[in-house]
Amino acid sequence: MRSFIAAGCAALLLGAAPSALALASQVAAPTAAAPILTSPEAKDSLTYARPEIARVTHVDLDLAVDFAGQTLTGTAALSVLAQPGAKEIILDSENLGVKKVTDDKGNALKWEIGKADAEKGAPLTVQLNGAQRIIIHYTAQKGASALQWLPPELTAGKQKPFLFSQGQAIHNRSWVPTQDSPGIRQTWTARLVVPEGMRAVMSAIQLTPEGEPAGDGRRAFRFAMDKPVPPYLIALGVGDLAFRSLGERTGVYAEPSMLDRAAYELADTEKMVEVAEKLYGPYRWGRYDVLVLPPAFPYGGMENPVLTFLTPTFITGDRSNVNLVAHELAHSWSGNLVTNATWPDGWLNEGFTSYFENRIQEAMYGRERAVLEEDLDWDVLLRSIEEAGGMSAPETRLRGDDGEESGQIDYIKGAIFLRTLEHTVGREAWDAYLTSYFDRFAFQPQTTAGFLADLRANLIKGDKALEEKLQLDKWAYGTGIPDNAVRQRSAALANVDAQAKAFTAGGPASAIQPTGWTTQEWQRFLNNLPRKQSAARLAELDQAFNLSRSPNAYVRTAWLELAIANRWEPAVPALEEFLNSVGRTLFLRPLYKGLADQGEWGMTIARRAYATARPTYHASTTGSIDAILKQ
């Protein structure tokens, strides 16, 4: 492991409500640059960077947002730490319109964009000439894969356009010219200039919450992130946004027409932060706010520091999907604080976070709620393993290879691994270890090998019997599910299963008693029904519970999957409407795949819906759906 020391950065502290002084106080003094890992397993094949020679430690962005042209134009000033004699620095880029590169005195520096690769873009190589700070003048061009530009009609308010970014895994190189690797952590600041009447938010502390005049009918917003973060966590949102406080350090941004519903759903957020801190140590990012995005957002949530991005599909009116908030909050420790050094180690982010999420749920809502979700996850894992090719499929390993599609395996198998560790060594010992782990590796990258080494040094401590019992290497590097896996069974789900069994045996839909069912229980019921159903039985279910028009996207997706499997025509209008109204890949992928599996009947529907829906989806979603439909 090699550690570099970063140059400091100063931030302009301007602002107003909510409490500019309070916000400014959360921007700490600059910290030393995070280490980079130089072991073989930490080498990132998805970056052109050579950080062991020259690396970025800090980024200052100054960008103007152009909705008409769908571009960001301005500068990125990079602080560079280079080995003695280093002549150049290599950055990542994707279709950036670079105009010129200078040092901090304005002297021109030679630069070149190399041959582009379809997956990882192109290298941007800058000759340093001794410069420790370089300034890139550029445009993030129309079509940048990280940026989603929404016309007014695709927003909740229908009056103003909206822009948001989604950087994970390697999309941020399409709008930020830097070393776009999770193992190369950087501090950053930004100034965003947007049209008057719109608000900009970012994954950093706001220095000007209400903005400042920038001339020509524009307004500038300033931000600072003093903690070194992996660059995929640099994120922005611009739109007609209102804010509602949820607690002393928590709040929600949303379009005005969505704000009341979002705030109701997120009422427990402040308490969640407190619960998470009691479990695994202090929250180290200052504020924890949430941005509820328009439906085109491709994920359930994105754990951008200080400002979690959330899909509006989590809003169901019963707070049954706040596990999504718990998940993204937990990333403030696992993923943002300690980050996978490369994407084949992604389970270190998602598996740890899924485990932590469940512990938050247990502390907030009781053991039965946690067990219910553990039981559901086990079923999802089995289905994911089957889809991957079975227990021996390479895709079922936690520590994977680049390009493997693991689906939910990283999340759920990783969480079950940690739960098995907890049950084996005892909760008290496990919690003490995990808290110390987050402390030891705070603001650093990590690998699977590094985690296992730390586990052996600080928990197992040479106990050979315990080592053998835990089966660490089987979990981390082996396929399938090791035989010591801990499985929990939910009494609530047993009741749901009994009702599904009764309906399958011929019982009437009217006999089903779903009063009080959560989203998860509805999903369990629908997913447990045999895939082959008669048209009459499907009609009976739909008439009883109006499933084709359910306002709950999770329930509606599970129902539509069943309808597609039976080519049930009455559901097709609702299906096409749904495909054109949400952008979350979790919902879209199984529906398009189900249609594709139905041959020409399904492909006709899929192509028709996709023709109108595709322009509204994020690039990460279209890539997945294109592959399913072979477009």
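## Strand pairing

Two strands are counted as paired if DSSP finds at least two bridges between them. In this predicted model, strand β3 and strand β6, the latter made of residues 122-127, pair in the antiparallel sense over 6 bridges. One of the residue pairs concerned is that of I89, whose bridge partner in β6 is V126.

## The open sheet

The pairing of β3 with β6 belongs to an open sheet of 3 strands, which follow one another in the order β3-β6-β5 with antiparallel pairing. The edges are taken by β3 (88-93) and β5 (111-113), and because each of these has a single partner strand, one side of each is left without a neighbour in the sheet. From one strand to the next, the twist averages 20 degrees.

## The second largest pocket

Elsewhere in the description of the model stands a pocket, the second largest, for which the computed volume is about 750 Å³. Its lining is made up of 34 residues, and those closest to the centre of the pocket are P312, T313, I315, P551 and A553. The elements that give two or more residues to this lining are the helices α2 (256-265), α13 (519-528), α15 (553-565) and α16 (572-579), with the largest share, 3 residues, coming from α15.

Which classes of residue make up the lining of the second largest pocket? Counted by class, the lining holds 16 nonpolar residues, together with 12 that are polar and 6 that are charged.

How values were computed. Residues are numbered from 1 along each chain as its sequence is written. This is a predicted model: local features need pLDDT of at least 70, side-chain atom pairs count only at pLDDT 80 or more; totals for chains, interfaces and linings use all residues. Side-chain values use heavy atoms; hydrogens and water are left out. On a 1 Å grid over the protein atoms alone, a cavity is a set of points where a 1.4 Å probe fits but cannot get out, and a pocket is an open set with protein on both sides within 12 Å along at least five of seven lines; lining residues have an atom within 4 Å of a point. Grid points are joined across faces, edges and corners, and a volume is the space filled by probe spheres set on the points. Helices (H or I, at least four residues) and strands (E, at least two) are DSSP runs, numbered from the N terminus. Ala, Val, Leu, Ile, Met, Phe, Trp, Tyr, Cys and Pro count as nonpolar, Asp, Glu, Lys and Arg as charged, and the others, Gly among them, as polar. Axes are lines fitted to C-alpha atoms, for helices over the stretch in contact, and angles run from 0 to 180 degrees between N-to-C directions.
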